[in-house]
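Thanks for making the time this morning. I would like to walk through one strand and its partners, and then say a few words about confidence.

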Amino acid sequence: MAGLDLIQTYSSDSDEDEKSRDDHKIVNKLALPASILSWKGVEYNEEVIDNPLDHDGRIRSFKHERGNWATLIYINYIPNDCLHIWIDSVISKLPVKGSIISSLHISLSRTLILKFHWIESFVEGIKQSCHRFNKFVVQLTNIKVYCNEEKTRTFLGIYCQDEDGMLKCLTEALDNVLAEYQLPSFYKDTSYHISFFSCLGDKRAYLKEILPSLTNSLNKFLMENMEDGYVHVNDIQCKIGNKCYSFELK
């Protein structure tokens with residue numbers, strides 16, 4: 001759902017040189033050579049210790065491990081100021097407390113765990129898959145509520161209608177690449193959407209009651225701002241750790 005919010009930089013391997021002096025153990029971390037730091041364009045980062053307090057109490061579905069990189073494939077969406085104003089007006093009337101999602105996107109994969117030595121071939125595989133597809137357009141329609149598998153976060157999202165089935169075809173092609181690395185495919189009951197609000201816990205019961213009014217509000221906004229009702233998909237994004245790759249469609 002809001003996979004970009006889940007992605008954090010993963011640490012690379014570092015060496016340790018231990019010496020004993022006066023019965024005290026001193027551990028010195030050796031800096032990685034510049035040649036290694038420049039591999040595949042992925043920057044080295046020190047190990048990150050997860051603390052839910054650092055990200056509004058959100059709980060991770062997987063822990064940080066050296067050599068692993070959080071990965072997400074998605075379509076980036078940059079709305080204009082009018083849609084931001086509409087989102088602000090909606091959030092202020094919700095029956096639950098939460099936060100606006102700043103990085104709007106349509107997820108095409110789950111949040112994945114990618115091994116460092118897979119990155120080069122994985123990126124090439126995604127690139128080749130994307131280059132087989134033409135640019136296309138999807139339409140924004142109504143509001144839906146979503147909850148992650150762990151039921152630790154609830155989301156409001158704008159549903160993306162894909163009459164030509166291009167999103168499904170693209171996802172299936174990407175799933176074939178994921179299968180080569182034994183990575184999980186996208187959700188079977190896929191509901192493509194742009195999440196714009198999230199809150200902690202399973203709050204679906206509270207939010208479902210107001211979905212009709214939210215959808216009416218969105219439809220009214222889109223009638224007055226028709227250009228905001230469509231997403232022009234010209235490229236696909238893949239974020240691996242702190243590195244983002246972009247793949248143009250035909």
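How many bridges join β3 to strand β6, and in which sense do the two run? Before I answer, please keep in mind that what you see on the screen is a predicted model. The pairing between β3 and β6, which spans residues 112–115, is antiparallel and is made through 4 bridges. Within that pairing, the residue standing opposite Trp69 is Leu114 of β6.

Strand β3 itself covers residues 68–76, and 8 of its 9 residues are buried, so that the strand is mostly covered, where buried means under 20% relative accessible area.

Let me turn to the other partners of this strand. Strand β11, residues 235–240, pairs with β3 over 4 bridges, again in the antiparallel sense, and here Leu72 has Lys239 as its bridge partner. Strand β5, residues 105–107, is joined to β3 by 3 bridges and also runs antiparallel to it, with His105 of β5 standing opposite Asn76.

Now to confidence. The average pLDDT of the chain is 83, and 74% of the residues score at least 70. The highest mean, 98, belongs to strand β9 (residues 193–200), whereas the lowest, 41, belongs to strand β1 (residues 15–21). Over residues 8–29 the pLDDT stays under 50, although the model has 52 contacts beyond four places in sequence for them. Residues 38–48 are likewise below 50, with 30 contacts in the model beyond near neighbours in sequence. Where pLDDT is low, the predicted coordinates should not be read in detail.

Conventions:
Residues are numbered from 1 along each chain as its sequence is written. This is a predicted model: local features need pLDDT of at least 70, side-chain atom pairs count only at pLDDT 80 or more; totals for chains, interfaces and linings use all residues. Side-chain values use heavy atoms; hydrogens and water are left out. Buried means under 20% relative accessible area, exposed over 50%, partly exposed in between (1.4 Å probe, protein chains only). Two strands pair if DSSP finds at least two bridges between them. pLDDT is the predictor's confidence in each residue, from 0 to 100. Contact means heavy atoms within 4.5 Å.
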